Amino acid sequence: FRLTHTMQGGTLRRRTLQMFMAKPGMSEEEVLHNFRSMGGNRDELESMKDQINSAINPMKIEIRKVRWDIDGKTYWVLVTSRGVGDLDYGSSLDEAQVVFAKELMLQILRNNGSVMKTDAMRIKSRKTIRKGQKIEAIESLCAQQLLVETNEAKRGTSLCLGARGQAELTDFIGQQDDCAVKCSICHTFCVRGHRCSNEDCDGKLHYHCYERLNRSGRTFACKTCGEPFVPRGGAHRTNDDDGEYME
């Protein structure tokens with residue numbers, strides 16, 4: 001079954017959908033460049049997205065825009081699910097790998113959006129799984145842009161949600177009390193970002209929101225506790241507040 005069969009007329013609509021099927025996660029700049037190369041223009045792009053979504057929404061698939069927590073840039077992604085349990089992990093993973101993938105995604109969500117790769121390999125899964133299977137599962141999730149690998153200074157490689165993974169899990173994140181924290185500046189969910197230095201406070205800001213605020217020279221009171229917002233562990237990007245995020 002081909003998704004493009006759902007598109008009634010409109011060569012540009014079909015080609016745009018095919019573009020997302022071939023590469024389900026792209027920066028806004030890449031989407032606009034490709035759209036223009038097919039004969040479209042910036043003014044048409046948003047309405048084209050809405051037209052395509054109206055056709056494919058009955059299959060619980062849609063094109064979404066998301067501002068990625070890691071770099072603050074806007075990405076367009078083809079979303080195929082509504083949460084960790086329903087996420088399409090790809091046909092290449094076996095049952096044990098899918099169970100491991102779900103457990104890994106949940107740990108990332110509950111750990112400020114990042115888990116060290118060595119810790120991921122130590123996850124005790126509910127299904128018997130070999131080390132090689134875990135490695136294959138992580139590689140598959142990264143290839144699908146659900147996860148990305150980043151380097152933590154003095155710590156090693158960490159796993160974070162990719163732009164597509166973040167968009168896929170937006171609805172699910174909103175249902176989780178332990179990770180549904182909204183940035184106090186842009187008021188969207190913040191999976192990975194600076195946490196308030198007040199140990200009793202759950203306040204959180206996206207890295208890119210804090211950096212923009214910091215450049216402005218303005219002070220900012222945490223909307224949760226009312227204290228001046230100071231990043232826990234310092235203003236560098238961290239995992240568990242003691243490892244620097246390396247771009």
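In what order do the three strands of the open sheet stand, and is their pairing parallel or antiparallel? In this predicted model, the open sheet has the order β1-β3-β2, and its strands pair in antiparallel fashion. Strands β1 (25-27) and β2 (62-67) stand at the edges with a single partner strand each, so one side of each is left without a neighbour in the sheet. If the direction of the strands is ignored, neighbouring strands of this sheet are turned against each other by 25 degrees on average.

Before going further into the sheet, it helps to set it within the whole chain. The secondary structure of the protein chain comes to nine helices and nine strands, and buried residues make up 48% of its 247 residues. Among the contacts in the chain with a separation of 6 or more, 54% are accounted for by residues that lie 24 or more positions apart.

Returning to the sheet, we can look at how β2 and β3 are held side by side: six bridges join these two strands, which run antiparallel, and at one place along them glutamate 62 stands opposite valine 79 in β3. Two helices pack on this sheet. Helix α1 (residues 11-22) touches β1, β2 and β3, and its direction makes about 90 degrees with that of β3. Helix α3 (residues 42-56), for its part, touches β2 and β3, and its direction makes about 135 degrees with that of β2.

Valine 79 deserves a closer look as a single residue of the sheet, placed in strand β3 (residues 74-79). Is its side buried or exposed? Valine 79 has a relative accessible area of 0%, and because buried means under 20%, this residue counts as buried. Leaving aside its neighbours within four places in sequence, valine 79 is in contact with Lys60, Ile61, Glu62, Arg64, Ala167 and Glu168. One of these contacts links distant parts of the sequence, for valine 79 and alanine 167 are 88 residues apart in sequence, while their C-alpha atoms are 6.9 Å apart in space.

Strand β2 also takes part in covering another element, helix α9 (residues 207-216). In this helix, Tyr207, His208, Cys209, Tyr210 and Leu213 are buried, and what covers the buried residues of α9 includes β2 together with β7 (193-195) and β8 (204-206). After α9 comes glycine 217, whose phi is positive, near 80 degrees.

The last step is to look at the spaces within the model. The second largest pocket has a volume of about 210 Å³, and its lining consists of Val66, Arg67, Asp69, Gln166, Thr170, Ile173, Cys186, Thr188, Phe189, Val191 and His206. The elements that give two or more residues to this lining are β2 and α8 (170-173), and by class the lining has five nonpolar, four polar and two charged residues.

The structure also holds one cavity of 30 Å³ or more, and the largest cavity has a volume of about 40 Å³. Its lining is formed by Trp68, Asp69, Ile70, Gly113, Cys160, Leu161, Gln166, Val191 and Arg192, which divide into five nonpolar, two polar and two charged residues. Reading the two linings side by side, one finds Asp69, Gln166 and Val191 in the lining of the pocket and again in that of the cavity.

How values were computed:
Residues numbered from 1 in each chain as written. Predicted model: local features only at pLDDT ≥ 70, side-chain atom pairs only at ≥ 80, totals over all residues. Heavy atoms only, no water. 1 Å grid on protein atoms, 1.4 Å probe; cavity = no way out; pocket = protein on both sides within 12 Å on 5 of 7 lines; lining within 4 Å. Points joined across faces, edges and corners; volume = space filled by probe spheres on them. Nonpolar A, V, L, I, M, F, W, Y, C, P; charged D, E, K, R; others polar. Helix = DSSP H or I, 4+ residues; strand = E, 2+ residues; numbered from the N terminus. Buried < 20%, exposed > 50% of the residue type's maximum accessible area, 1.4 Å probe, protein only. Contact = heavy atoms within 4.5 Å. Pairing = 2+ DSSP bridges. Axes fitted to C-alpha atoms, helices over the stretch in contact; angles between N-to-C directions.
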